[in-house]
Amino acid sequence: MTYDVTIIGTGPGGYVCAIRAAQLGLKVAVVEKRATHGGTCLNVGCIPSKALLHASELYAESQHVFAKMGIIADTKIDFPQMMVFKQEAIDGNTKGIDFLLKKNKVDVIRGAGKIVGAGNVQVGDQLIETKSIIIATGSDVAQLKGIAIDEQRIVSSTGALELKEIPKTLTIIGAGVIGLELGSVYARLGSKVTVIEYLDRILPGMDEEAAKALQRLLMKQGLSFKLASKVTAAKATASNVIFTIEPAAGGTPENMEADILLVATGRVPYTEGLGCEEAGIARDARGRIEVGDHYNTNIPGIYAIGDVIKGPMLAHKAEDEGVALAEILAGQSGHVNYDVIPGVVYTNPELASVGKTEEELKSAGVNYKVGKFLFLANGRAKANQTTDGFVKILADAKTDRVLGAHIVGPQAGELIHEVAVLMEFGGSAEDLARTCHAHPTLAEAVKEAAMAVAGRAIHA
């Protein structure tokens with residue numbers, strides 16, 4: 001049998017691409033080496049971390065907020081059961097993908113796929129003939145020189161999601177999204193959490209004002225930060241990890257200890273064993289597969305999407321690329337607007353962004369206006385006593401077109417999509433300000449921020 005499309009990898013990009021291609025009438029096969037579909041995101045990333053974030057947040061509320069609301073509860077942590085809860089979230093999602101692939105008549109081939117030339121994928125003893133090959137193999141944990149991850153004492157995000165007990169002390173290398181989310185989980189459960197970051201700020205690449213605001217709130221929750229610092233060596237013992245830290249610019253080293261050391265310094269494209277070198281597939285200096293506007297590699301008939309190509313390593317970015325590529329292969333006009341890809345940090349409060357940051361606009365010389373509104377002045381946030389944070393909207397000074405938005409606060413990850421939809425249609429701050437919002441809602445803070453762009457917020 002010859003397939004129209006064979007996709008290597010069934011993470012968010014791969015399985016979504018497969019389903020969309022099948023919907024469009026193409027004969028599709030997917031190749032997956034894991035026992036379950038969903039890639040890093042569903043198995044050891046987005047989904048399990050959100051389950052633990054949700055559970056730990058409820059526990060923290062029971063300890064610090066319930067009594068204030070007149071709810072008296074004697075809550076305790078059953079950590080093994082919390083891990084069962086996390087696994088149920090994984091199982092529910094991965095089994096759902098099994099169902100969807102079967103429903104759409106996508107053939108599933110188990111094993112590690114290797115490209116053995118245009119039109120051919122080898123999986124064990126099986127050779128798959130296909131018109132198009134799509135590489136959707138995602139990313140892997142970035143290793144840090146001189147620090148060996150054993151997933152016991154020195155762990156990656158994967159190991160941090162599988163701990164057998166709550167560590168008394170947890171040190172995290174890297175103040176990006178992964179480090180802050182997992183740090184939040186264990187801080188809520190009672191760990192003393194220290195975050196070490198090479199740069200002089202957290203969340204590099206995100207809006208600096210929003211990042212600084214979140215850092216202050218996380219510090220109130222017990223997380224401590226050592227910025228402009230680096231870990232140069234680490235050794236695991238039977239009971240803890242001994243590591244060396246020094247200023248990023250050089251200086252006097254300091255020895256420290258922690259029960260667990262989490263390496264959260266980012267991710268790298270995963271192309272091991274794919275046969276990229278043998279097939280002559282071009283990659284850039286960072287190991288990412290180089291693609292054209294239609295996700296085509298330099299080899300005809302071979303394409304790539306998701307974390308293995310340039311752009312933010314986000315599940316939803318990979319999904320949209322998968323849909324776009326499936327439509328292109330079916331003769332349609334698939335497209336991804338890379339200027340409107342939201343990003344969310346699922347701490348409490350959340351930080352969500354879409355579009356340009358102030359730093360990016362300043363660097364590009366764009367004349368822009370800022371509208372800002374504090375949740376402290378929002379009726380629903382006041383009622384819920386979740387008033388930390390703000391909404392900030394950036395608009396072109398001349399056209400009023402919204403160029404970006406940054407939210408620190410309750411349900412920021414949900415609220416950001418209101419701005420994303422507006423931006424997708426080229427909307428202005430005035431458009432958003434004139435749109436009636438239900439009262440009392442947190443979304444009113446977004447409207448007020450849009451009004452503030454023109455200096456006419458009502459409740460500021």
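**Entry 1: Asn43.** I looked up the burial of Asn43 in this predicted model. Its relative accessible area is 12%, so I list Asn43 as buried, the cut-off being under 20%. Asn43 belongs to helix α2, which spans residues 39-44. I then checked its separation from Val323, which stands 280 residues away along the chain; the two C-alpha atoms are 22 Å apart.

**Entry 2: the second largest pocket.** I read off a volume of about 1,300 Å³ for the second largest pocket. Its lining has 35 residues, and those closest to the centre are Glu57, Glu61, Val65, Asn348 and Thr386. I next asked which helix gives the largest share of this lining. That helix is α3, with 10 residues. At least two lining residues each come from α3, α6 (177-188), α7 (208-220) and α11 (379-384). By class, I recorded 12 nonpolar, 13 polar and 10 charged residues in the lining.

**Entry 3: a surface patch.** Val65, which I had noted among the residues closest to the pocket centre, also belongs to a nonpolar surface patch with Met69 and Ile71. Together the three have about 250 Å² of accessible area. I located Met69 in the loop that runs between α3 (46-64) and α4 (79-103). Met69 has a relative accessibility of 51% and therefore counts as exposed, since the class begins over 50%.

**Entry 4: cis peptide bonds.** Most peptide bonds are trans, and I noted two exceptions here. The bond from Asn348 to Pro349 is cis, with omega near 5°. Pro349 sits in the loop between β18 (343-345) and β19 (350-355), and Asn348 is one of the residues closest to the centre of the second largest pocket. The bond from His439 to Pro440 is also cis, its omega near 0°. I placed Pro440 in the loop between α13 (429-433) and α14 (444-453).

**Entry 5: positive phi.** Most residues other than glycine have a negative phi. I checked Glu151 and found a positive phi, near 60°. Glu151 lies in the loop between β7 (139-141) and β8 (154-155). Its relative accessible area is 30%, so I class Glu151 as partly exposed. Tyr295 likewise has a positive phi, near 65°, and is found in the loop between α8 (276-279) and β17 (302-304). Is Tyr295 buried or exposed? I entered Tyr295 as buried because its relative accessibility is 5%.

Definitions and conventions:
Residues numbered from 1 in each chain as written. Predicted model: local features only at pLDDT ≥ 70, side-chain atom pairs only at ≥ 80, totals over all residues. Heavy atoms only, no water. Patch = residues over 30% accessible without salt bridge, like charges linked within 9 Å, V, L, I, M, F, W, Y side chains within 5 Å. Areas by Shrake-Rupley, 256 points an atom, 1.4 Å probe, with all protein chains shown as cover. Salt bridge = Lys/Arg side-chain N within 4 Å of Asp/Glu carboxyl O. Helix = DSSP H or I, 4+ residues; strand = E, 2+ residues; numbered from the N terminus. Buried < 20%, exposed > 50% of the residue type's maximum accessible area, 1.4 Å probe, protein only. 1 Å grid on protein atoms, 1.4 Å probe; cavity = no way out; pocket = protein on both sides within 12 Å on 5 of 7 lines; lining within 4 Å. Points joined across faces, edges and corners; volume = space filled by probe spheres on them. Nonpolar A, V, L, I, M, F, W, Y, C, P; charged D, E, K, R; others polar.
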